[in-house]
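Grab a viewer and work through these short exercises. Each one comes with a solution, so have a go before you read on.

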Amino acid sequence: MKKLLSYVLFLTSIQSFAQTGNIQGKVTTSDGKPAEFVNVVLERTTRGATVDEAGHYTVNKIPAGEYTLVASFTGLVTQKKQVTIAAGESLTVDFTLAEDNQQLQEVIVRASANRVTDKSSEMVARMPISNLQNPQAFNVVGKELMKQQNVVAITDAFKNAPGVVAALYPSGGIGALSRGFSTGIDARNGLQTTSGRGSADIAKVERIEFIKGPSGTLFGAGISSFGGVVNLVTKKPFETFRGSVDLSVGSFGLGRISADVNTPLNAERSLLLRVNTALQRQDSYNERGFYNSALFAPSVLYKPSNRLSVLVDAEIYSVNSIRPTYVRITPDAGIRSYADIPLDYKKSLLQNDLDAKTNTAKFFTEAKYRLNGGWTSTTHFSYVNESTERSYQDYPVWISPTEVTIDVSRYGPVGNNYVNLQQNFNGSFLTGPLKHTVLAGANVTQYLGRGQSGGTGIIRTLNVTNGNLPKIDRILVDSALVPGTMLNWGRSNTITYGAYAADVISFSDRLYAMLSLRYEYFEDKSVGPWSSPYTQSSLSPKLGLVYQVIKDRVSVFANYMNGYQNYPSIVQPDGSTLQVKPIYAIQYEGGVKADLFDKKINTTLSYYYINIDNAVRYGSNSFAFQDGKQVSKGIELDFTANPAQGLTMILGYGYNNNRILGAENLDRNISSNSPQHVGNYWVNYQFQTGALRNFGLGAGGNYVSDAYFDDANLFLLPSYHTVNASAFYETGKIRIGFKLNNIGDQKSWGYWGAPNPTRNFVANLILKF
């Protein structure tokens, strides 16, 4: 009887706790400007929120009762209001601060560094759960950190994510190496996009989310790889007029200007506009190479009611550049390390007229509607077009310690189009003592592609000891591409249908379980010389468990995750066909997360084990078999802190052991482009008082251990450690910055064997209004 009574009392307490309400509101200064970073908390509780850049805050799940609501910020007079919360009620409480916006800006500049520890995101889990409730490891690189580091190339921002190495594709696009696998930048605001040929500009990016491990359950095969998802979150309009202009100059002829202007378009502030734009010109550390780009990215937010908001976002991006070189070595060349290639690091065998030109247009709409009962409907539509007019890509192959063959391919015109439609429903409900936070969604994606390409074959064999060598130019390449050698690829046409659901069950205010499942149907209707029309369907589960050892401070988590890749059928040498099933990767992960000292320290430590047991492999007789095995396992540490006002500290480390198992002549070999140790660190400090007030210094670096270029483990990509430093002066109206990258002038080689930049600097001036 006592046990039954205790159980009833327990259920009653849980149910009474679930009878909650919400508080939302706006915090402004006396001149009507949003008071960003103000803390709004319920006195004598741990519940609260931080005001966003539009001046809004929301405190959810407040048990019914009477409270004192406190708005406070360093340098401001603390304000309090008495509030009464009723079950199911959403209360609006606004604050107006006495100080004007200019005085507040000075305080905000010194406090803004605290934002580097913020991991709040609704896109990672596609539902509003906190980092400590999420049973998955992820990293966020935000605009504050990118500003501290004078980032002008988006791949430089990747260096702040633990275990991640940026990849530059010979096709001109960008990607990332994570947990032993390559992943493209294929998610933009959670929807499928592409950057395989057109890259991306940092001016439009609010933050970059690195979602670790096979993430097919929520994102699908078209967005995720077995290493994870890289999601670019773009800047959105807000309710006040604000803007900035950024002028940057630097090494290799860098000249860049960008602007960010936000303004309301009506008196009611229900129609908002934000425009980001950038123009960049830069040469290369090498005697060959340049990167010229232009970006225009407007977005409009319309809020006709407090229930409905409609966002329309566009991005037009044009790039004219030299593609990264794809350097290879033959097994009998007598060269085993890319550091031993005899060509001078800054020399080239080709001319600058072998270039590439790509234009990208991206359009995105989001309609969000708050339904009755606390549910939200979100409808997304996006269209992405990536069009390459021409792209010359070169492939030097070293055949001896002194000789290299050169062949060049020309791609273009090439066009890729993606159309996405996605519908999500988010909400919560109770079943007895259990609270369910639910996501239900579906998406349709169609990809249409076309293109043509041709190659010269070996156009020349050069002996680099012969002194001045004639450089290969476009005239020579085009003459080798005789009529008829350009191959038309036909037309790619794939359609993906996906349906998914996730339920985060709150067994208590400390124990959470996530249950997720995705069904995806893939149909390939392509026509062309390489096409093999087929259909495949996949089921992808995800399970997770979280327990908060210290409420809202420390949690332990574990997950089971699934990722998959669709694969066409393969025609065997004897004419038979191998019907390939979707290739699955299974991940088991466990770790601990901490959010300490009023969010001044955020850290995640995890161990993962990724297993693939049905990959496609080829035997010595060229027959294909779907029994390939691969295991990638390792440890990741992500640590960010603001231990004192003005001080930022970041430390990241990734250990990865990614090996091929059982394959002929490759058993136990390390998978290509899989460095076992990757480290990053950064310290930034802005003086708060005295003669140096508003001045600051930053320093950090990146370490990447040895990796193999190939699965056979014949050719070494040597380790490297680059160190960077910065100095800056910043107030509420101006920022002057200087950064020196690769201070030690380290030589290093990237994903495809192409050299990375030597020592360089960036200086910038930001004017804010």
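Keep in mind that this is a predicted model.

**Exercise 1.** Find which residues K26 touches, leaving out those up to four places away in sequence, and decide whether K26 is buried or exposed.

Solution. Start with the neighbours: K26 touches A54, G55, H56, Y57, V93, D94, F95 and E239. Next, pick out the polar partner: the side chain of K26 makes a polar contact with the side chain of E239, at 2.6 Å. Then place the residue, which sits in strand β1, residues 20-29. Last, burial: the cut-off for buried is under 20% relative accessible area, and K26 comes in at 18%, so K26 counts as buried.

**Exercise 2.** Do the same for V233: which strand holds it, and is it buried or exposed?

Solution. V233 belongs to strand β16, which covers residues 228-234. Its relative accessible area is 3%, so V233 is buried. Ignoring residues up to four places away in sequence, V233 touches M123, N189, K204, V205, E206, R207 and E209. For a long-range check, take F597, 364 residues along the chain from V233: their C-alpha atoms are 27 Å apart.

**Exercise 3.** Work out which elements give two or more residues to the largest nonpolar core.

Solution. First, the core itself: it has 30 residues, and I329, Y338, W398, I406 and V477 have the most contacts inside it. The elements giving two or more residues are β24 (376-398) and β25 (403-411). Of these, β25 gives the most, with four residues. Finally, zoom in on W398: beyond four places in sequence, its contacts include V327, I329, I341, L343, V404 and V464.

Definitions and conventions. Residues numbered from 1 in each chain as written. Predicted model: local features only at pLDDT ≥ 70, side-chain atom pairs only at ≥ 80, totals over all residues. Heavy atoms only, no water. Buried < 20%, exposed > 50% of the residue type's maximum accessible area, 1.4 Å probe, protein only. Contact = heavy atoms within 4.5 Å. Core = buried A, V, L, I, M, F, W, Y, C linked by side-chain atoms within 4.5 Å. Polar contact = N/O pair within 3.5 Å; in protein donor to acceptor, adjacent residues only side chain to side chain.
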